[in-house]
Amino acid sequence: MVFKRLLGSLGVGGPTVDTVLDPGAARPGGLLSGRVHLVGGTADHDVEHVALELVARVETEHEEHGDGEGVVVFDRHVVGGSFRLAAGAETSVPFTVALPWETPVTELYGQPLGIVLGVRTELAVAGARDKGDLDQLTVAPLPAQEAVLEALGQLGFGFRSADLEYGRIGGTGQQLPFYQEIELTPPPAYAHQVNEIELIFLAVPGALEVVLEADKRGGPFSAGHDALSRFTVPHEGPSGPQDWNALVDGWIQELVEHRASYGSHAVYGHEAGYGGHEPGHSGGSGSGIGVGTAVLAGAGVIAGGIVAAEVVDEVGDFFEDDSDDDPDDGSAEEFGGDGED
């Protein structure tokens with residue numbers, strides 16, 4: 001989806017910008033490439049720089065105002081600049097930038113998850129800056145992320161919702177100011193023990209950290225409570241799909257039974273406990289769409305229809321209103337990552 005907009009802050013007759021991303025979904029930690037097409041206005045302009053910002057629609061919590069949403073800039077790259085753009089002239093600036101490892105996943109097997117990301121282009125000309133072009137960013141899961149979701153699907157878990165939560169998870173190496181939370185409905189084998197399970201991925205160059213939280217049901221003599229577990233796998237993971245199923249099923253059993261809750265193991269194991277902010281509950285209702293090939297195959301009509309339609313509406317709203325309505329009334333740069341300036 002490409003939007004061409006007149007750079008209004010540069011005045012009538014100013015340059016126009018059109019950023020085109022290369023086809024195909026990107027992946028966390030991978031490369032994003034494309035071209036920024038520029039067309040000169042009615043006069044010559046000295047371009048100081050061309051920059052790309054990665055932005056996300058993130059849910060926020062305010063004590064006074066309750067829950068809301070904001071646009072968060074989570075990475076920034078300067079991809080070109082210091083050249084003269086003649087009146088009416090056309091030029092293209094190619095770019096290849098690396099995505100943060102914690103970049104959220106927006107789709108699974110081509111089905112949208114409801115996460116909205118964008119690439120916003122900034123053109124600085126003669127001291128004026130205009131963020132005049134915003135394009136949808138599609139991100140597919142890493143192999144280990146896909147394998148975990150596939151295993152959960154084969155174990156009978158269903159997809160309830162996915163969103164981005166502003167905040168940090170204590171005790172982890174989280175880099176971005178938000179995290180992606182995927183809510184899952186339990187299969188019959190666990191339905192009497194938990195209401196839902198929340199899944200969070202935190203990827204780093206050499207491994208994938210998997211955070212699981214269970215909303216456990218109460219009993220006749222006990223109240224319901226949350227159980228937290230954290231596991232780590234290398235990106236390549238154990239070989240064979242059956243290994244993934246057994247591995248993930250072991251995680252779920254440990255989470256539900258809450259045994260050795262905050263112990264420490266090596267890779268594939270349970271790591272240190274939490275401090276600070278913990279994953280929250282959005283409590284959203286869902287359609288029980290399955291996760292993984294086995295379940296998605298049977299829910300394709302729902303996933304491709306209802307969910308896709310909702311995502312299209314959300315994406316449209318996001319791109320129509322891309323002002324800096326960041327959380328806490330801060331500037332976009334305040335929430336940015338460690339991209340180049």
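The exercises below, each with a worked solution, lead through one predicted protein model.

Residues are numbered from 1 along each chain as its sequence is written. Because the model is predicted, local features need pLDDT of at least 70 and side-chain atom pairs count only at pLDDT 80 or more, while totals for chains, interfaces and linings use all residues, and side-chain values use heavy atoms, with hydrogens and water left out.

**Exercise 1. Describe the overall make-up of the protein and the confidence of its prediction.**

Begin with the secondary structure, which comes to 5 helices and 17 strands; helices (H or I, at least four residues) and strands (E, at least two) are DSSP runs, numbered from the N terminus. Next, take burial: of the 341 residues, 51% count as buried, where buried means under 20% relative accessible area, exposed over 50% and partly exposed in between, with a 1.4 Å probe and protein chains only.

Then turn to pLDDT, the predictor's confidence in each residue, from 0 to 100. The protein averages 75, and 65% of the residues score at least 70. Strand β7 (residues 90–98) has the highest confidence, at a mean of 97, whereas strand β1 (residues 5–6) has the lowest, at 40. Over residues 259–290 the pLDDT is below 50, although this stretch has 104 contacts in the model beyond near neighbours in sequence, a contact being heavy atoms within 4.5 Å. Where pLDDT is low, the predicted coordinates should not be read in detail.

**Exercise 2. Find the nonpolar cores and name residues that belong to them.**

A nonpolar core is a set of buried Ala, Val, Leu, Ile, Met, Phe, Trp, Tyr and Cys residues joined through side-chain atoms within 4.5 Å. The largest such core has 65 residues, and Leu32, Leu199, Leu212, Trp251 and Ile252 have the most contacts inside it. Helix α3 (residues 241–257) gives the largest share of this core, 7 residues. Apart from it lies another core, of 5 residues, which includes Ile169, Tyr179, Ile200 and Leu202.

**Exercise 3. Work out what surrounds the second largest cavity.**

On a 1 Å grid over the protein atoms alone, a cavity is a set of points where a 1.4 Å probe fits but cannot get out, and lining residues have an atom within 4 Å of a point. The structure holds 4 cavities of 30 Å³ or more, and the second largest has a volume of about 60 Å³, that is, the space filled by probe spheres set on the points, which are joined across faces, edges and corners. Its lining consists of Trp101, Glu102, Thr103, Pro104, Val105, Gln145, Gln180, Phe201 and Ala203.

Sorted by class, this lining has 5 nonpolar, 3 polar and 1 charged residues. Here Ala, Val, Leu, Ile, Met, Phe, Trp, Tyr, Cys and Pro count as nonpolar, Asp, Glu, Lys and Arg as charged, and the others, Gly among them, as polar.

**Exercise 4. Place Gly206, Ser82 and Tyr109 in their loops and state how accessible they are.**

Gly206 lies in the loop between β14 (194–204) and β15 (207–216), and it counts as exposed because its relative accessibility is 53%. Leaving aside residues up to four places away in sequence, Gly206 touches Pro234 and His235.

Ser82 is found in the loop between β5 (66–80) and β6 (83–85), where it has a positive phi of about 60° although it is not a glycine; with 67% relative accessibility, Ser82 is therefore exposed. Tyr109, in the loop between β8 (107–108) and β9 (111–112), likewise has a positive phi, near 55°, but its relative accessibility of 35% makes Tyr109 partly exposed.

Technical notes: 1 Å grid on protein atoms, 1.4 Å probe; cavity = no way out; pocket = protein on both sides within 12 Å on 5 of 7 lines; lining within 4 Å.
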